[in-house]
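Thanks for coming. I will go through one structure today, starting with strand pairing and then moving to cores and rings.

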Amino acid sequence: MKKITQLCVFLFAIIAFAQPQNPELRDGSVSGRVIDAQLNAPLPYVNIVITDTSNKTITGGITNDDGTFEINKIPEGQIIVSIQYIGYKTVSKNIHLGKESYHINLGDIRLEEDIESLDEVTVVAEVTTIQQKVDRKVINIGKDLTTSGPTASDIMNNLPSVNVDQQTGNISLRGNENVRVMVDGKLSNVPIAQLLKQIPSTSIKQIELITNPSAKYNPEGMSGIINIILHKNTTIGFNGNINVGLTKEINARFNSSIDMNYRNGKFNFYGNYGNNIGKSANYGTINRIDDESVQLFDFGNNNKSHLYKVGLDFYLNDTNTFSFFTNQNMYDGSGTGTTGIQYVDEPFQLQTFNNDTENTVSQYNGVFNHQFKKEGEKLDLEVDYSVFGQDEVANFSFVNIPFPPNYTDFVDTDRDQTVVNLDYTNPLSDKAKLEVGAEARLFETNIDYNSTGLSVNENQDDVPDNGDEFIPTPQTDFTYKRDIYSVYVTYGKTFEKWSYQVGARAESVKEEASAIRQLETSAETIPFENDYIQVYPSAFFTYNPSEKNSYQVSFSRRVDRPGLQQVNPIREWSTPLVSSFGNTNLQPQFTNSAELNYTRKLEKGSITGGVFFRLVEDEINRAVFIDRLDVNKNILTYDNFENTTAYGIEISSNYRPTSWWSLNGSFDLFARQQKGIAELLTAPTDVATADDILRSTITVDNIVYNLRLFNNFKVTKQLNLSLFTMYRGEEKGLQFTRKPMFLVNTGLRYTFLEDGRGTFSFNYSDIFNTMKFEFEGDRPYPQVGEFNWESNTWNIGFSYRFGGGKYRALQRKQRDNNEKSGSGGFI
């Protein structure tokens, strides 16, 4: 608490000395704030259109989240400012820009409801769209994309530069798995692979891909941030949406969601519920070339997840707003699996596995927003608290495998996280803005592990050869704490055709970990401590030579702190030949990233192209080591490797060739150099010992490209057809090479009922059944393999919108939302 108080004092000291500058007069600007006449609440995303006296459009823009706007570069003379928003009556103002005043502030502009147009807006769009913002891509999720599957994990592969490993659930951005995933701007306590499978696709409003965040945002995530924004309705009156769906190949999976709100006067109450219920299967084989053995895998899951979100916005007055929401995520899953091993001229060996897992995630978030008298000056205080609890019971049994005997593992996990943000924004002039803030992020987890099994007595000198040399598996208690205190400052300024923003974030990090193993006669403690201070600078420069062309250069330094899965020394999973553990001694990795982007507005769309470069210090990566106690087995873990580099290009486009055909396409190519440690056996496995293990440093140079193309065809006003294609190129890794992957999906959507309130959808995924994970490698053993899952699925869905209000995108303040004004700059 003392450190938090000191940070707040430091912050307010900065605010106190942030004196506004006297701006120089420059030709042509109009500013103001748009508010709801009935609620006295600001309206975001309102269209501001500037025309001349002959009604010819000169320029325009949209309002910010707080309802403010500023339009620059307006020619001198008589103009008409039109404020247009669906569901409201248009307001027009005639003004003159000249010697009397070149900078006009219209003050508060009150819009009144247009009763006749209340039903004109559909809450969920038919077609997914992609917007290129100053530091991110914003994907607005339409009904076309939600038919790709019932969960967030299913639709991620349709997004530019994003890939999901269907076997592990790991997500990568630009080919790197060190990415942070947030929900509503907040890091989750749920493991990422599990989180993506628990969020219903129909509960998602937007997904933001933030590849080079500024110093204002938390610096975690080497390759960037993926922010999943859930639906939050703020429509006048009582309104909502309901969705149901069924997906099937081998097994049936059901999903449904409903989001509702009631808004009247100063209050907005809203809620969202979504679920996923069903079974899934995946299977595969691995063939070892050296001993001609074959491993056969067959896994299944039966999962149930329920996601609740409830919130309240209270608009106290024109200057103060309170918001609160809670997310409650409940998960109940059971898994089964068999791993078979066939050696030449030996009996078939088999491991069977089943587990039951239950977890609950509770998140509580409160925000206070204060608007000062000066336009654009505001203070935000946000407190976020979340807890995670999970119980797992896993049973293992064996056939024709002498060791270990059948056993059961018990794993109990408890985590809590508290985040406090304080942000202050001060527009020093009509062209310059200062932002300062402070954050405290406190995280703690406790994991208790018990087992009925036996383990090798690692204190003995030789590899054991009889049961007397095994001991009961030690009980392990793992505790991990990480406290982060940070302050940041950013300053931005806009000129006639270019703008810049520079900033820095300073962090103090303290990590403590302790793994206590209860042996038969003693306790073994494995401690870990890490205490460091880092500064993360960032810089953005934008040049707009015309309304159709925009250039941007950016630089940032980021950190990827080891995740809990990566440092947890307790078993994550195991098969007879492979066991997966974390590494408590992992150090953070740091990334220096630079990007250059160009956006061209076309008559029927837009195209964005960019190049990026990354230098990664002490890269964290997967490592496969040979088990010293049995050289036939592998240890799968994580380790820090040498510095690596990566660079690449990205191209994405939205284009509408005709009135009935629209498409979104993206292409990305990246080159990456990886360095790591590999181990090889120098003797046959039947006679090899730990002395025959050769460790060496290897370097892998890799070039990977990915292609996605989404087509939407409007057959009639009610009927739409879609076709999606994805190609993922071959990728080399430190342990193996993944073969290319190819996918084709098709689907249709039909709207019916009054005002298109009902929608029926059908989607057929992987119609050629080509999606599979094929690989080959020679570290630590020569092997080839293939894994398959339920990708050749069909999905049917139904959605219904009820209520008579109009949709307004009036959102609570989100820390990582970076929607900008129509001026095109950073201000």
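Let me begin with one bridge: Leu748 has Phe762, in strand 44, as its bridge partner. Before going further, note that this is a predicted model.

That bridge belongs to the pairing of strand 43 with strand 44, residues 758-764, which is antiparallel and runs over seven bridges. The two strands make a hairpin, with five residues between them. In the turn, Leu753 has a positive phi of about 70°. Strand 43, residues 741-752, also pairs with strand 40, residues 719-728; that pairing is antiparallel too, with 10 bridges. There, Phe724 is opposite Asn745 of strand 43.

Now to the low residue numbers, where I will describe two open sheets. One has three strands in the order 4-1-7, and its pairing is mixed. Its edges are strand 4, at 68-72, and strand 7, at 103-111, each of which pairs on one side only. From one strand to the next, the twist averages 20°. Strand 1, residues 29-36, runs antiparallel to strand 4, and five bridges join them. Val30 sits opposite Ile71 of strand 4.

The other sheet has four strands, ordered 3-2-5-6, with antiparallel pairing. Here the edge strands, pairing on one side only, are strand 3 (57-62) and strand 6 (91-97). Ignoring direction, neighbouring strands in this sheet are turned by 20° against each other on average. Strand 2, residues 47-51, and strand 5, residues 77-84, are antiparallel and share five bridges. Ile48 is bridged to Ile83 in strand 5.

Next, the cores. How many residues does the largest nonpolar core have? It has 23, and the members that touch the most others are Met156, Ile171, Ile204, Ile207, Ile226 and Ile228. Several elements supply at least two residues each, including helix 3 (152-156), helix 4 (192-198), strand 14 (204-210) and strand 15 (225-230). Take Ile226 as a case. Setting aside neighbours within four places in sequence, Ile226 is in contact with Met156, Val162, Ile171, Val179, Arg180, Val181, Met182, Ile207, Glu208 and Leu209. There is also a second, separate core of 20 residues; among them are Val34, Val46, Ile83 and Ile95. Ile83 is the residue I mentioned a moment ago as the bridge partner of Ile48.

Last, the aromatic rings. The structure holds 31 aromatic pairs. One of them is Phe322 with Phe368, a tilted pair at 5.0 Å centre to centre, with 40° between the planes. The two residues are 46 apart in the chain, with Phe322 in strand 20 (residues 320-342) and Phe368 in strand 21 (residues 349-371), and the pair links distant parts of the chain.

Are these two rings buried or exposed? Phe322 has 37% relative accessibility, so it counts as partly exposed. Phe368, with a relative accessible area of 24%, is partly exposed as well. The cut-off for buried is under 20%, and therefore neither residue qualifies.

Elsewhere, ring pairs join Phe297, Phe299, Phe736, Phe773, Phe775 and Phe787 into a cluster. Finally, there is a charge over a ring: Lys309 lies over the face of Phe325, 4.8 Å from the ring centre.

That is what I have; questions are welcome.

Notes
Residues are numbered from 1 along each chain as its sequence is written. This is a predicted model: local features need pLDDT of at least 70, side-chain atom pairs count only at pLDDT 80 or more; totals for chains, interfaces and linings use all residues. Side-chain values use heavy atoms; hydrogens and water are left out. Rings of Phe, Tyr and Trp (its six-membered ring) pair if their centres lie within 6.5 Å; planes under 30 degrees apart count as stacked, over 60 as edge-to-face and the rest as tilted. Buried means under 20% relative accessible area, exposed over 50%, partly exposed in between (1.4 Å probe, protein chains only). A charge sits over a ring if NZ of Lys or CZ of Arg is within 6 Å of the ring centre and within 35 degrees of the ring normal. Two strands pair if DSSP finds at least two bridges between them. Axes are lines fitted to C-alpha atoms, for helices over the stretch in contact, and angles run from 0 to 180 degrees between N-to-C directions. A nonpolar core is a set of buried Ala, Val, Leu, Ile, Met, Phe, Trp, Tyr and Cys residues joined through side-chain atoms within 4.5 Å. Contact means heavy atoms within 4.5 Å.
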